[in-house]
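The exercises below are to be worked with the sequence and the model open side by side. Each task is followed by a stepwise solution.

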Amino acid sequence: MGEEHRKIAVGLLFGGRSAEHDVSRASAANVLRALNTERYEVFLIGIARDGHWLACDAGNGAGTGAAALTIPDEAQRIALVPGGGGSLMLFDDGSTGRETRVDVVFPVLHGPNGEDGTVQGALELAGVPFVGSGVTGSAIGMDKDVAKRLMRDAGIPGVPFVTSTTAAPIDYAAATARLATHDVFVKPANMGSSVGVSRARSEQEFAKACELAFRYDQKILIEKAVDGAREIECSVLEMADGHIRASGLGEIVPASKHGFYSYQAKYIDADGAALRIPAELPPGQAQRVRELAVETFRLLGCEGMARVDFFVKGEEVFVNEVNTLPGFTQISMYPKLWEASGLSQADLMDALIAHAFARHSRRSALSFER
């Protein structure tokens, strides 16, 4: 086979050290299934809960049918070579290494130590093309406090919030006074999948909610509850030429027994929520949501892809948060919205990888000399 027909070697990076480790393994299984085997050769790289990078091709059944990819304890350790342009070193016994190489890395990591710019920084130092936002967009999108401050300063509508830290905690009386409500949501600033999120309507509930959120982060957000708001989501995709597209809209309707779209409702309870695609909104309001999604994507320095989540109540629209590495599980909105908009998952994978190569080429052309 000639060089022009060589398959593109994709390093699929999944797992991670965050509380969203299992969600990442499920997302990666679906990404693996969506990648065209005639076009791509996939090299599975699992990040164990202790942070070790492991070669995980064995035991995953080529991703056909598995609900989640596995990370075997006995797998070979692997290291990304700084400046290696995609070079990876495999270690059989902890000392003897052999080299392999990937052309592009597809991170399917959720939460801290994966979605927050840390891994993206390592990939940039390695000089390898990779899917999704770079260091800045990833870090901003992960830190809800920073993202919401930037959106507020830019005039993008958002839900009122206050920030509390372990060094300077805020009590219930102070928080509710500033937010002018006794009904609040408490969440870690740097976490996703609704991990550590609770609703509080009393001082006792607030104390428990803060204790839970502080288990996952040293900084937490206290947000005003928008009672009766609808949860609307929009997928954003940046093409290889830099053009930014917004998908049609979807709505998440949590089951009444959960109260909000919690981790339990998302991933544990099969009847935890209903997904409505397309979301039923007046045409003018739907267009406004899509425009805000693209505006937010640009403002926060996102690249490649993101899912932008909204609260809609009557004519009011609030940007809730941005996910720069959205879920790709069987129930995840990001790929479903693109499918409903006419872009198959296989074509979506092609677009994301094409963007990774194009961005890398543009960055490589920049001068770093005086």
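**Exercise 1.** Leaving aside its neighbours within four places in sequence, which residues is Asn190 in contact with?

*Solution.* The model is predicted: local features need pLDDT of at least 70, side-chain atom pairs count only at pLDDT 80 or more, and totals for chains, interfaces and linings use all residues. Residues are numbered from 1 along each chain as its sequence is written, and side-chain values use heavy atoms, with hydrogens and water left out.

Step 1. Locate Asn190 in the loop between β9 (184–188) and β10 (198–200). Strands (E, at least two residues) and helices (H or I, at least four) are DSSP runs numbered from the N terminus.

Step 2. Apply the contact criterion, heavy atoms within 4.5 Å. With those neighbours set aside, Asn190 touches Pro112, Met142, Asp143, Asp217 and Lys219.

Step 3. Classify the residue. Buried means under 20% relative accessible area, exposed over 50%, and partly exposed in between (1.4 Å probe, protein chains only). Asn190 has 17% relative accessibility and therefore counts as buried.

Step 4. Follow one partner, Met142, which is among the buried residues of helix α3 (residues 135–142). The cover over the buried residues of α3 includes α2 (118–126), α4 (144–153) and β16.

**Exercise 2.** Find how many aromatic pairs the whole structure holds, and classify the pair of Phe106 and Phe328.

*Solution.*

Step 1. Rings of Phe, Tyr and Trp (its six-membered ring) pair if their centres lie within 6.5 Å; planes under 30 degrees apart count as stacked, over 60 as edge-to-face and the rest as tilted. The search of the whole structure gives three pairs.

Step 2. The ring centres of Phe106 and Phe328 are 6.4 Å apart and the planes are at 80 degrees, so this pair is edge-to-face.

Step 3. Place the partners: Phe106 is in strand β7 (residues 104–108) and Phe328 in the loop between β16 (316–323) and α9 (333–340), 222 residues apart.

Step 4. Check accessibility: Phe106 is buried at 1%, and Phe328 is buried at 2%. Together with Tyr334, Phe106 and Phe328 form one aromatic cluster.

**Exercise 3.** Compare the span of helix α1 with the expected value, and state how many of its residues are buried.

*Solution.*

Step 1. The expected span is 1.5 Å times one less than the number of residues. For the 14 residues of α1 (residues 21–34) this gives 20 Å, and the end C-alpha atoms are 20 Å apart, so the two agree.

Step 2. Twelve of the 14 residues of α1 are buried, including His21, Arg25 and Asn30.
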